[in-house]
Amino acid sequence: MQSSELGEVTVMRVSEPQEIASGVVLMTTGSGPLASNVYLVRSGPSWAMIDSGWAASAEPLRAAVEQLLGPGEVPAAIFLTHLHPDHSGAAGTLARTWKIPAYVHRAELPMAAGRYVPGYSMPLDRWLVAPFVWSLPARVRRRIEAAGDITDVVHGLPRSGEVPGLPDWAAVPTPGHTPGHVAYWRSKDGVLMTGDAVTTVDLNSARGLLLRASHVSGPPWYTTWSRRTAMDSVARLAELGPRLLAPGHGQPIAMEVVPRLRAAAAKEKAQRMARRRRIAGAPEAA
Ligand SMILES: [Zn+2]
Ligand SMILES: [Zn+2]
């Protein structure tokens with residue numbers, strides 16, 4: 001069936017599935033600066049999905065996943081790194097269609113209703129999204145919020161760090177980009193899924209976005225709740241000793257993962273110190 005038959009106005013493409021590690025399949029939804037990675041992981045006979053891409057990719061993603069898994073098979077659950085539209089946008093539609101749960105860290109749950117929550121805001125929210133949303137008529141605002149509401153399907157991850165149905169995997173808290181961001185970690189072969197905690201495209205520079213060069217860095221600052229906490233999380237991820245870094249944006253990286261993570265965290269720290277010195281030395285603003 002063509003997705004156009006379903007009447008979607010905008011549909012985002014989904015890339016060919018690519019197995020990047022044993023039982024770990026990568027698909028990318030959308031393209032260019034909007035490209036966002038979705039992973040399928042196998043555990044015994046069952047599969048789970050990690051992140052779900054944009055809402056506009058829900059239908060092609062459903063079709064691609066069902067084709068990959070075979071007749072009558074659907075993933076057992078969707079695990080989200082965090083609640084942002086490029087990672088959790090399709091989660092509601094897919095979870096309802098497949099009648100499966102979606103999981104996110106408990107600290108993300110206040111965002112699950114799709115509403116603006118001041119304590120969770122990031123620069124883009126504060127300067128652009130919130131003022132725009134609040135300028136809309138209440139009716140329109142409620143419709144936008146309702147479209148992003150996943151409270152009917154979302155559950156908090158166990159506090160133990162266990163990932164239900166994926167005994168080889170652990171959810172590792174990586175707060176900063178959002179308060180409840182998690183990475184998913186398979187210690188037996190060092191596979192680390194980082195969502196937006198670490199990306200391999202430089203989302204912070206136009207040049208990095210254009211070249212899409214492999215560049216290990218922290219999250220984009222304009223969508224990050226606390227940059228400092230985010231970079232502390234990058235340093236902690238390096239301590240796990242990952243061998244394959246599978247990011248939310250950009251290509252997986254298997255070379256010198258730990259030194260590159262350490263370098264990203266150290267560079268950020270050096271810039272922060274330099275900024276602080278500049279501010280301390282700057283004359284008072286008039
Ligand atoms: Zn994000
Ligand atoms: Zn993202």
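**Exercise: H1 against H3**

Find the residues of H1 that meet Thr93, Leu94 and Thr97 in H3, then work out how the two helices lie.

Start with the contacts: Ala58, Leu61 and Arg62 are the H1 residues that meet those three in H3. Here, two residues are in contact if their C-beta atoms, placed from the backbone, lie within 7 Å. The helices (H or I, at least four residues) and strands (E, at least two) are DSSP runs, numbered from the N terminus.

A quick word on what you're looking at: this is a predicted model, where local features need pLDDT of at least 70 and side-chain atom pairs count only at pLDDT 80 or more, while totals for chains, interfaces and linings use all residues. Residues are numbered from 1 along each chain as its sequence is written, and chains are lettered from A and ligands numbered from 1 in the order in which they are written.

Next, the geometry. H1 and H3 pack at an angle of about 45 degrees, and their axes are 9 Å apart. Axes are lines fitted to C-alpha atoms, for helices over the stretch in contact, and angles run from 0 to 180 degrees between N-to-C directions. Angles under 35 degrees count as roughly parallel, over 145 as roughly antiparallel, 65 to 115 as roughly perpendicular and the rest as oblique. H1 and H3 are therefore oblique to each other.

Last, the handedness: H1 passes H3 in a right-handed crossing. That's the label if the near helix is turned clockwise from the far one by less than a right angle; anticlockwise makes a crossing left-handed.

**Exercise: H1 on its own**

Check whether the length of H1 fits or clashes with the expected span, and say which of its residues are buried.

H1 covers residues 58–69, twelve residues in total. The expected span is 1.5 Å times one less than the number of residues. That should give 16 Å, and the end C-alpha atoms are 16 Å apart, so the two agree.

Now the burial. A residue is buried if 20 or more other C-beta atoms lie within 10 Å of its own, exposed if 12 or fewer, and partly exposed in between, with C-beta atoms placed from the backbone. In H1, that picks out Ala58, Glu59, Leu61, Ala64 and Val65. What do they pack against? Their partners are E2 (24–29), E3 (36–43), E4 (46–50) and H3 (91–98).

One extra: just after H1, glycine 70 takes a positive phi of about 100 degrees.

**Exercise: the sheet around E2**

Place E2 in its sheet and describe its pairing on each side.

The sheet is open, with seven strands in the order E1-E2-E3-E4-E5-E6-E7 and mixed pairing. Its edge strands are E1 (18–21) and E7 (154–156), each pairing on one side only. Two strands pair if DSSP finds at least two bridges between them.

On one side, E2 runs antiparallel to E1, joined by three bridges. Alanine 21 has valine 24 of E2 as its bridge partner. The hairpin of E1 and E2 has two residues between the strands, and glycine 23 takes a positive phi near 70 degrees there.

On the other side, six bridges join E2 to E3, again antiparallel. Methionine 27 stands opposite valine 38 in E3. This hairpin has six residues between the strands, with glycine 30 at a positive phi near 75 degrees.

Is E2 mostly covered or mostly open? It's mostly covered, with five of its six residues buried.

**Exercise: H7 against H8**

Decide how H7 (residues 227–240) and H8 (residues 257–281) lie, and what the buried residues of H8 touch.

The angle is about 150 degrees and the axes are 8 Å apart. H7 and H8 are therefore roughly antiparallel to each other, and H7 passes H8 in a left-handed crossing.

The buried residues of H8 are Val257, Leu261, Ala264, Ala265 and Glu268. They pack against H7 and E11 (244–247).

**Exercise: alanine 183**

Why does alanine 183 count as buried?

Locate it: alanine 183 is in E9. Then count: alanine 183 has 27 C-beta neighbours inside 10 Å, so it counts as buried. Leaving aside neighbours within four places in sequence, its contacts include Thr81, Val172, Leu192 and Leu237.
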